[in-house]
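Me: I want to check how the labels on this model are earned. Can we take them one at a time?

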Amino acid sequence: TERTFIAVKPDGVHRGLVHKVIERFENRGYKLVGLKAVVPSRQLTEEHYADLKSKPFFKGLVDYMSNGEAPVIAMVWEGPDVIKQGRAMIGATNPLQSAPGTIRGEYCVSVGRNAIHGSDSFESAEKEISLWFGKAGEL
Ligand code: ATP
Ligand code: MG
């Protein structure tokens, strides 16, 4: 059965959205199999977003994730098609393009403060789960 990495970002934590995210995934029928609060090091954030290294917003993204104003709530969710379904529940990267009813479409307006992360493929889910939680056996 499939697993994905979902993280409530510092702005989402600061704004009290953790319970809403958990509620949506639980209501859908997914199972929470890992959860922790962590202020990620710059190195962890840079590895997590390694694909975006060349983007002009990369440094700002790393600063924002790692500055410690609020932790990231890192989660692993399990269930049928959870990677793709989780992305659909989260909504488009830019909240101004996220459909109403999605998490970003309900709770955000800024691409730089879009509240939540979800793995975008099987490969990134595997990479991100081991990056944030260690090997699967340590969950
Ligand atoms: P995430 O990986 O966080 O789930 P995503 O997969 O929807 O988001 P990515 O292209 O992977 O989108 O971008 C990662 C994050 O980088 C975005 O969620 C957003 O916080 C930030 N980001 C993306 N584009 C921009 C931008 N144009 N300006 C500022 N920040 C951006
Ligand atoms: Mg992404």
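Me: What makes the pair formed by Thr93 and an oxygen atom of ligand 1 a polar contact?
Reply: This is a predicted model. In it, a polar side-chain atom of Thr93 lies 2.5 Å from an oxygen atom of ligand 1. The cut-off for N or O atoms is 3.5 Å, so the pair counts as a polar contact.

Me: How do you know that Lys9 and Arg104 make such contacts too?
Reply: Use the same test. For Lys9, a side-chain N or O atom is 2.8 Å from an oxygen atom of ligand 1. For Arg104 the distance is 3.2 Å. Both values are within 3.5 Å, so both pairs pass. The protein buries 76% of the 570 Å² that ligand 1 exposes when taken alone.

Me: Where does ligand 1 sit?
Reply: Ligand 1 sits in the largest pocket. Its shell holds 5 nonpolar, 5 polar and 3 charged residues. Among the nearest are Tyr49 and His117.

Me: Why is the pair Glu78 and Arg3 called a salt bridge?
Reply: Their side chains meet at 2.7 Å, N to O. The limit is 4 Å between an Arg nitrogen and a Glu carboxyl oxygen, so the name fits.

Me: What makes this pair a link between distant parts of the chain?
Reply: Glu78 belongs to strand E3, Arg3 to strand E1. They are 75 residues apart. The whole structure has 4 salt bridges.

Terms used
Residues are numbered from 1 along each chain as its sequence is written. Chains are lettered from A and ligands numbered from 1 in the order in which they are written. This is a predicted model: local features need pLDDT of at least 70, side-chain atom pairs count only at pLDDT 80 or more; totals for chains, interfaces and linings use all residues. Side-chain values use heavy atoms; hydrogens and water are left out. A residue is near a molecule or strand if one of its heavy atoms lies within 4 Å of it. A polar contact is a pair of N or O atoms within 3.5 Å; within protein, one must be able to donate a hydrogen and the other to accept it, and residues adjacent in sequence count only if both atoms are side-chain atoms. Accessible areas come from the Shrake-Rupley method with a 1.4 Å probe; for residues, only the protein chains shown count as cover. On a 1 Å grid over the protein atoms alone, a cavity is a set of points where a 1.4 Å probe fits but cannot get out, and a pocket is an open set with protein on both sides within 12 Å along at least five of seven lines; lining residues have an atom within 4 Å of a point. A molecule sits in a cavity or pocket if more than half of its atoms lie within 2 Å of its grid points. Ala, Val, Leu, Ile, Met, Phe, Trp, Tyr, Cys and Pro count as nonpolar, Asp, Glu, Lys and Arg as charged, and the others, Gly among them, as polar. Helices (H or I, at least four residues) and strands (E, at least two) are DSSP runs, numbered from the N terminus.
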